[in-house]
Amino acid sequence: MAPEGVEWTVVVLTCQRRDCVAAFQRELETRRRRGALGPRPVLLAVEDPAAGVGSGGATLNALLVAAEHLSARAGCTVVTSDVLKEARVLVLHVGRDFSFDDCGRAFTCLPVEEPDAPAEALTCNLDSLLATMTCRLCVGSPPGVWVCSTDMLLAVPSAPGISWDGFQGVRVIAVPGSQAYARSHGVYVADRQGMVSNIIYRGTEAQIQQCAGPDGTVPLVCGVVFFSSDAAEQLLATHVIPPLDACTYLGLDSGAPPIQLSLFFDIVLCMASGVTEEDFVRGTGGGDASARSARSVLWAALRSFPLSMACIPDGSYDYLTMSASDHIRSLTLQPGSASHLCFRKIAHSHVDQPRLVEDGSSVTNCLLEGAVRLAAGSVVQHCHLQGPLEIGPGCLLSGLAAASSAALRSCPPRDVVLQGHHVRLRDLSCRVFTLTGRLDDWQSPAEEATYLNMPWTEFFHRTGIREGDVWGAETPRRSRCLLSARLFPVLHASEALGLEDVLWLLAPAAAAGGRLQRWRAAWRMSWEELLPCLDRAAELGARRALFFQQGQRKVRRVLLGRRDGSLLPLARSAVHEGYHEAVLDTLDEVASTAADVGIAARALACVADVLGCMARGEGGLRSGPAANKEWASAFGRLESGDIAGGVRELAAERKKWMSRPALLVRAARHYEGAEQILIRQAVMSSCQFVTVGQAELPPLGRWVQVTCPARLDLSGGWSDTPPITYEHGGAVVDVAVLVDGHRPIGARVRRIGEPELRLASVSGTPRGEVAVELVCRELEHLQDYCQPHAPGALLKAAFICTQIVQLPSQKPLRAQLMESFGGGFEVHTWSKLPHGSGLGTSSILAGAVMASLYRAAGKAASTESLIHAVLHLEQRLTTGGGWQDQVGGLVPGIKIGRSKAQLPLRVEVEEIPVPEGFTQTLNDHLLLVYTGKTRLARNLLQDVVRNWYARLPSAVQNAAALVSNAEECAQALRRGNLPLIGECLNRYWQQKKCMAPGCEPLAVGRLMDALRPYVYGQCLAGAGGGGFLYVLTKAPRQKEALHQILAKTEGLGNFSIHSIEVDTGGFSVEQ
């Protein structure tokens, strides 16, 4: 799914180090798979051509590489700037190394969870900037090149208010900031029209004051520039002109010496109206001849383009500094109101005791097992820690594995930065730990600076370490700083190194003397020396592994805790990043060990989702048959109650179906079939509420006839559907109704002398009747009772569920019938409603059949028993379905049925008392309109159950809304308030469409549009998709009037209008 916003042609991520390119390219491709970048853009991780080419050189090189790829895609053999005419290019600069994240500021993780994202993933600063640029800042801009630094947290409102009318040239983006903040940053000097005359960096107080607006804020340089396609073409053209060719890989490959170029002070500044050519070419520091020559070329190429500024009024900009205190603050304080992000205290983490994580702290991508106490003002990222542990305030911990926990226990950290690093020394990979103080400055000379928040002299005194241990004699005194101090053990000749080999620096007195000697004996490196050796690919891989490790804990937590969180986004990510096997194993474990069949069923549904994701949209539709004999043994185990054995067999069979999309989809269907077996077992818990007593056995040949009304579901439908009904709880308002004055559904049964079952059913309107007649003389004739489309399947299932016939059994059918009843049975059923009417026909018919069978067999069952017996029958029939239809047709009048979020499943029905005379009012205002369209609820049911098991937020919210709307509708009926009832009907229809998208055919939409002015409310009956529409008219007795209105409306097909009235008597039994 492409994000809403700009459709990029190319996205470039620049990086300073060659060893980052492959890892960063993988990160870009992963984001494409997640849906964050859309399917179209060319994605490029591009190495800067040389160290120190600067942001300007990196921009020119990135532009060249992007143009090369677009030229090749266009079939050109040389680079042509024409490819930039309609292109939308985004260049993101990773920039300098960052002391607090081995992968740079771009990949600094933010404490954010995005539950609505299609794929669950860590949110890095890169992701935040991509979303900001794509969906906010750049929306509406013309083709061109956007350049964005990743060294800051940037927030802009959803509608930044930038006008692009008549735009030409280059535009810089600014955000308002305080004058105090501006003293350490850049500020634009611009007129009221936004035309930029200069850029001031670390200006004087007077200079900054001149840039202030009426509110006292100044426009800060925030690292974002837009080049129109014309300006981008002109900039690209300079790559062949010496000495600017040295800013690109082509120039360096040709032997040109590299030069440094600033994006803002060498490229952008030349277009500022207040800058003269002489001052610009000379530069602030003069520079060498090649630098002056480069600026001359840029002046000639770009000077003619106007430079404008767009200052985003509510935007904010937070530069990620080298100060640990600032960094901790950035990760623990909520971003500005304009941000699309909301920081969480605990994000993408498994924390055993979350109450020990204090407010004002932050945990991201972690496993915290046991009692891990985290004080306010501390940040923990990418760590697996085991308590008991105390982490004091002012700490930043990152990259620590469980094995580090023991060392931390002996020396609780406070006001320190403690990091574990993946380091590669040629072919040797190792882990190195660094320890610094929160207040330490990396580059200040030792005489003026601190280490571990104390002066260096005090540190040397406390530890016994000498100055010569950390800096060689060749290091000048002014160069002796934390950055160059060889403090961090990397290798030891005879012993393995660990976290304790840096932690002892905090508590040297407890180190028993041996630590200093061990530290001196180790080969140590400074942070400056470690930087080129950091293995970014390994670090990103470790973060990914930890993310899915905590993700597996989340799977257990959500399923076993019966929580409503969706696991589908995690499943998608697991497939994108190759962790699907681990997730599948976890789901197998949960399914096989859960004490509750409901939990096991949901776990199997999640397996189906993972398999569906693995098919990547290929292989066919998710819904389909699930009766391949290869899966029969596993299904048999589940049917017998051996869930653990069934899950094991399912997993073994699954391995044979994972080689291509078509097989994966078929395997997913079979997992959904397995899930349905467990749903059936859960629903069959309702059988304990079926009580059957003895009654007088009617004589041979006497008919027992049951006739039933249809039902209208006024609100709450779908909340009665398993598993929603016993996992969330359901409530449905139903009305029993006569259609055109008749009860349209019925059954009659009589005993016959022959030991056989004669089954006859008629359904549909007189013009479209479907008749089925068959005779069952052997048990084999009943075997297909669980195939809904088999002839007489419902009647066969009814004989089994009423226990008139035992199946399976060693005793033949004829013997069973003769021994128990002295003969067989003849059953006739009918429905005068069209197939797929939406009026609950099949479930009500099942109730009628079971009621008549019980009575004909000399048994008696209450209405409550029949409601639960139909639930049992429909599960045996494998049609699924809920309880609202039989409640609607078997219980008289107006009522609300409810089920609690628990097993066993029990339905409780409450009559809704209405004001005197209101029943007749309803009769006068309710009409049925047959739409001419039919659709089986089962076609919709599979999607609804799948979405519920995936706990899509929309499905969870809608389930709650259905139940609350049902209670509101019941209240409106008690008051006799027609307009309020109409509102409930309209709301209910929107909820149905949310639950089952596609349930409103175009013709039905036209019909509803035509009726809308004349009705308080309207809704398709049942699951939707066709059948009957019921309307609550504003005026009484409107049948003829509505017929005339619809007759004049085009495109409606064969509609018909029917009168309905509330049936206050309920179903009738006659003998």
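Let's start with a pair of packed helices, α21 and α24, in this predicted model. Helix α21 covers residues 597-614 and helix α24 covers residues 661-683. Their axes sit 8 Å apart and make an angle of about 170°. Angles over 145 degrees count as roughly antiparallel, so α21 is roughly antiparallel to α24.

Who makes that contact? On the α21 side, the residues include Val597, Ala600, Ala601, Leu604 and Ala605, and further along Leu611, Gly612 and Met614. On the α24 side, among them are Leu664, Ala667, Ala668, Tyr671, Glu672, Glu675, Leu678, Ile679 and Gln681. If you sort the residues of this contact by character, you get 17 nonpolar, two polar and two charged.

Now to two other helices, α28 and α33. Helix α28 runs over residues 841-856, which is 16 residues. From first C-alpha to last it reaches 22 Å, close to the 22 Å expected at 1.5 Å a residue. How much of α28 is buried? The helix is mostly covered, with 14 of its 16 residues buried. Just after α28 comes glycine 858, with a positive phi of about 80°.

Helix α33, residues 953-975, has 23 residues. At 1.5 Å a residue it should span 33 Å, and its end C-alpha atoms are 33 Å apart, so expectation and model agree. Its buried residues include Ala955, Val956, Asn958, Ala959, Leu962 and Val963, and also Asn965, Cys969 and Leu973. Just after α33, glycine 976 has a positive phi too, of about 70°.

A quick word on annotation. UniProt, in an unreviewed entry, places a feature called "domain: GHMP kinase N-terminal" at residues 817-887. In the model, that stretch of chain is 56% helix and 15% strand, and its end C-alpha atoms are 31 Å apart. The unreviewed UniProt entry also gives "domain: GHMP kinase C-terminal", covering residues 970-1045. That span is 54% helix and 16% strand, and its end C-alpha atoms lie 31 Å apart.

For those of you who like backbone torsions, here are a few to look up on screen. Which residues other than glycine have a positive phi? One is aspartate 740, with phi near 55°. Aspartate 740 is in the loop between β32 (730-739) and β33 (745-752). Is its side buried, exposed or partly exposed? Aspartate 740 has a relative accessibility of 34%, so it counts as partly exposed.

Another is arginine 1037, with a positive phi of about 50°. Arginine 1037 is found in the loop between β42 (1028-1033) and α36 (1039-1047). Its relative accessibility is 61%, and the cut-off for exposed is over 50%, so arginine 1037 counts as exposed.

Last, the cis peptide bonds. Where does the chain have one? The bond from proline 242 to proline 243 is cis, with omega near 0°. Proline 243 is in the loop between α6 (229-237) and α7 (249-253). The bond from leucine 903 to proline 904 is cis as well, again with omega near 0°. Proline 904 lies in the loop between β38 (894-899) and β39 (907-911).

That's my tour, thanks for listening!

Definitions and conventions. Residues numbered from 1 in each chain as written. Predicted model: local features only at pLDDT ≥ 70, side-chain atom pairs only at ≥ 80, totals over all residues. Heavy atoms only, no water. Helix = DSSP H or I, 4+ residues; strand = E, 2+ residues; numbered from the N terminus. Buried < 20%, exposed > 50% of the residue type's maximum accessible area, 1.4 Å probe, protein only. Axes fitted to C-alpha atoms, helices over the stretch in contact; angles between N-to-C directions. Parallel < 35°, antiparallel > 145°, perpendicular 65-115°, else oblique. Contact = heavy atoms within 4.5 Å. Nonpolar A, V, L, I, M, F, W, Y, C, P; charged D, E, K, R; others polar. UniProt positions renumbered as here; feature names shortened; annotations may be inferred. Expected span 1.5 Å × (residues − 1).
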